[in-house]
Amino acid sequence: MSKRQTELFSGMVYIGSYGSVDETTVRVCRFNGVDGSLQVTEAFENAENASYLALHPQGNKLYAVSETESTNGAVGGAVIAYEVDSVTGGLLGQTSRALTHGAHPCYISVDAAGQSAFVANYTGGNVALISLNAEGELTGTAAVAEDNGQLGPNAARQDAPHAHSIVPIPGTAYVSVADLGIDEVIVYLVDQKSGSLTKHSSCSIHRGAGPRHLVFHGGLPFAYVMNELDSTITTLKVDAEQGTLTEIKFVSALPQGFDAYNDAADIHIAPSGRFLYSSNRGHDSIAVFAIDQSTGELTLVQHIGSGGGAPRNFGLTPDGAYLLAANQKSGNIAAFSVDEASGELTAIGTVLEVPSPVCIRFGKSL
């Protein structure tokens, strides 16, 4: 038996979905690493449009954004915290909520120390820092920041700033914000004591790109931005000490010759650090790239159908052996096995039917 076969991940998976407050939008599932199957064990309502999820670094809390325009009459969406059962990995119910002070929050992340949650408000065009107490409970919004840079050339989509993701720069006191509306990745300095966000630097992405999601390489000084509007991936040079990002080059996330409508969506790096994966909505595919371990350059390996319509989000199991794609329009989770040597995907098929799935997060191993 190979090393990978002895370490296959079997454990908890959390799925967030679009839906009304009376519909199930958060599901707890059990994943079987032997056959790639997925089974729902719990289902929760009262979280309207739970479109993005994040886990506390201690694994004791799951956070879901409620992607709405307003919350109980207040402007902006909300973040909801769930208690995670330390034994089963299931959810014990909602424990706290906080406003995001911006309409339609679409992304949430948590700093490595578990002191702050960071939220990107898409329609609000701003980002928020929400303080966490020692137990990981949401204690209230400490800071809101926005940047009114030059709007991009796509009048239909770049009519205003649209913060689409906010990700801590590993090992630093900085967070990076991909703003689709102004074609920039903005870096903010986080002061945990005062709970403040201060603009530190900015990286311009090529005009009309529409930066959406970004991911930092775990072992190399590079980051990668998934650009929604022109379906490209931009490689960034990361200077963690200075807190700056610099655009190096970009490549298409689509096959050569494809000219139909497409919105690029999600992006992740394999645990090995050797491969990068991105999703296309329209072409409805997952693109696989090899990462040059010296230069960070991307080389296309494969395009494979996502197993459904509009793969808004996907996730790689912690062992890197499987990829699960959340196909929003077709309402299914499709599974793929990952070749350890080449990074290529092989379709297993639909492993779960679920209305409007839009986020996948992996929890504890069982």
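This passage describes the overall fold, the pocket and cavities, and three histidine residues of a predicted protein model.

Because the model is predicted, local features were accepted only at a pLDDT of at least 70 and side-chain atom pairs only at pLDDT 80 or more, whereas totals for chains, interfaces and linings use all residues. Residues are numbered from 1 along each chain as its sequence is written, and side-chain values use heavy atoms, with hydrogens and water left out.

The secondary structure of the protein comprises one helix and 30 strands, these being DSSP runs numbered from the N terminus (helices, H or I, at least four residues; strands, E, at least two). The radius of gyration, taken over C-alpha atoms, is 19 Å, close to the 21 Å given for 366 residues by the globule rule, so the protein is as compact as a globular protein of that length; the rule is 2.2 Å times the number of residues to the power 0.38. The C-alpha trace spans about 50 × 45 × 35 Å along its principal axes. Of the 366 residues, 58% count as buried, where buried means under 20% relative accessible area, exposed over 50% and partly exposed in between (1.4 Å probe, protein chains only). Among contacts (heavy atoms within 4.5 Å) between residues at least 6 apart in sequence, 48% join residues at least 24 apart.

Open and enclosed spaces were located on a 1 Å grid over the protein atoms alone: a cavity is a set of points where a 1.4 Å probe fits but cannot get out, a pocket is an open set with protein on both sides within 12 Å along at least five of seven lines, and lining residues have an atom within 4 Å of a point. Grid points are joined across faces, edges and corners, and a volume is the space filled by probe spheres set on the points. The largest pocket holds about 1,200 Å³ of space, and of its 41 lining residues, Tyr-107, Val-110, Val-167, Val-215 and Arg-361 are the closest to its centre. Strands that give two or more residues to this lining include S4 (53-55), S10 (105-110), S18 (211-216) and S30 (357-365).

Two cavities of 30 Å³ or more were found in the whole structure. The largest cavity has a volume of about 50 Å³, and its lining includes Cys-106, His-164, Arg-212 and His-213, with S18 and S26 as the elements that give two or more residues. The second largest cavity has a volume of about 40 Å³ and is lined by residues including Gly-125, Glu-146, Asp-179 and Tyr-188.

His-206 lies in the loop between strand S17 (196-204) and S18 and, with a relative accessible area of 16%, is buried. Its side chain makes a polar contact of 2.7 Å with that of Asp-230 (a pair of N or O atoms within 3.5 Å; within protein, one must be able to donate a hydrogen and the other to accept it, and residues adjacent in sequence count only if both atoms are side-chain atoms). Residues up to four places away in sequence aside, His-206 also touches Asp-183, Asn-227 and Glu-247, among others.

Most residues other than glycine have a negative phi. Positive values occur in His-101, near 60 degrees, and in His-104, about 55 degrees. His-101 lies in the loop between strand S9 (91-99) and S10 and is partly exposed at 41% relative accessibility; His-104 lies in the loop between S9 and S10 and is partly exposed, with a relative accessible area of 22%.
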